[in-house]
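Colleague: Could you take a close look at the disulfide bonding here, and at the packing that surrounds it?

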Amino acid sequence: MHDAIPGGNMARDRKPSRHRSRLIAASVAALALGGTALAEIPAAAAGKPKGHDVSSHQKDVNWQSSKAKGARFVYVKATESHTYRNPHFKQQYNGSRNAGLVRGAYHFALPDKSSGTTQARHFVRNGGGWTSDGWTLPPALDIEYNPYSKHKCYGLSKARMVNWIQSFSNEVKRLTGRRPVIYTNTHWWNTCTGASRAFASNHALWTARYNASTAGSLPAGWQFWTFWQYDNGGSLPGDQNLFNGSMDQLRKFARGY
C-alpha cells in the first residue's frame with residue numbers, strides 16, 4: 001500500500017483505528033498469557049520471546065535499539081494487494097536479521113482487488129520467501145477489516161472469502177514450501193469466513209486483541225495462538241507481539257519443525 005493511501009492493519013503505513021483487534025509443533029503449549037492496555041509484556045509471559053511488526057510507517061528502524069529493548073523477532077510488511085511494495089522493506093528485513101532478530105515478511109490482503117493466487121505471487125516475488133535457516137519466519141497473510149471502505153468483508157461472500165484465503169495459501173505453499181501464518185482477529189474471521197475451520201490444522205495463528213488481559217477467544221478452529229499482537233504501540237517500533245513458546249521453539253518454528 002502506498003504511503004498516500006491508508007494502509008493495511010498492523011503497523012500500516014498509516015495508523016489503523018482501534019476497531020480491529022499451522023498450528024505449530026504440539027510441544028508449544030497453549031498458554032493463557034496475561035496482558036495490559038499499556039503495551040507492557042504480560043507478567044505471565046516472562047521469558048517468552050517478545051517481538052513487533054513494522055511497515056513503511058516506521059521507515060528505517062534502529063534495529064540495534066530494538067534488540068536492546070528486548071525484541072527477538074519481527075514481521076515486516078512486504079506487500080499489499082498486487083502492486084504495492086514497502087519502500088523500506090530492504091532496510092527493515094535485512095537490518096533486523098543483521099541485528100540478530102528472527103524475522104519474516106507479511107502481506108496485507110485486499111481480496112476485492114485481485115485473486116489470492118495473484119497476490120501470493122506478488123508477495124513472494126517481493127520479499128515473501130522462506131528458507132529453513134532458523135532466522136526466517138514463514139510468510140504471513142494479514143487479513144482483516146477493510147481499511148478502505150465500509151465493506152469489512154471486501155464484498156465477498158463467506159465461501160468466496162474462504163476460497164480466496166485457500167488460493168493464497170496454496171500458492172505460497174507451492175512457491176515457498178510453507179503454509180502462511182494467518183494474522184486476523186476473531187470477530188472478522190468468524191464474520192467474514194463464516195467461522196471457517198478449514199485452516200486451523202495447518203496454519204499458525206497470529207491473533208490480534210488489544211486492551212485485554214489475555215488473547216481471548218480465538219477464531220474458529222484454532223485451539224491456541226502462535227503469535228499474539230497485544231498492542232499497537234509500546235517500547236518497540238510498530239505493534240507489540242509475543243510468541244507462544246520459548247526462544248528455542250521460535251527457532252524450530254522458523255526452521256519448519
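Modeller: Searching the whole structure for disulfides, taken as pairs of cysteine sulfur atoms within 2.5 Å, turns up one, and this disulfide joins Cys153 to Cys192 with an S to S distance of 1.9 Å. The model is a predicted one, in which local features need pLDDT of at least 70 and side-chain atom pairs count only at pLDDT 80 or more, while totals for chains, interfaces and linings use all residues. Residues are numbered from 1 along each chain as its sequence is written, and side-chain values use heavy atoms, with hydrogens and water left out. The torsion about the S-S bond of Cys153 and Cys192 is about -75 degrees, so the disulfide is left-handed. Because Cys153 sits in the loop between strand 5 and helix 4 whereas Cys192 belongs to helix 5 (residues 186-192), the pair ties together parts that are 39 residues apart in sequence; helices (H or I, at least four residues) and strands (E, at least two) are DSSP runs, numbered from the N terminus. Both cysteines are buried, meaning under 20% relative accessible area with a 1.4 Å probe and protein chains only: the value is 15% for Cys153 and 1% for Cys192.

As for the packing, the largest nonpolar core, a set of buried Ala, Val, Leu, Ile, Met, Phe, Trp, Tyr and Cys residues joined through side-chain atoms within 4.5 Å, has 45 residues, of which Ile143, Trp164, Ile165, Trp188, Trp189 and Trp222 touch the most other members. Helix 5 is among the elements that give two or more residues to this core, and helix 4 gives the most, with six.

Terms used. Buried < 20%, exposed > 50% of the residue type's maximum accessible area, 1.4 Å probe, protein only.
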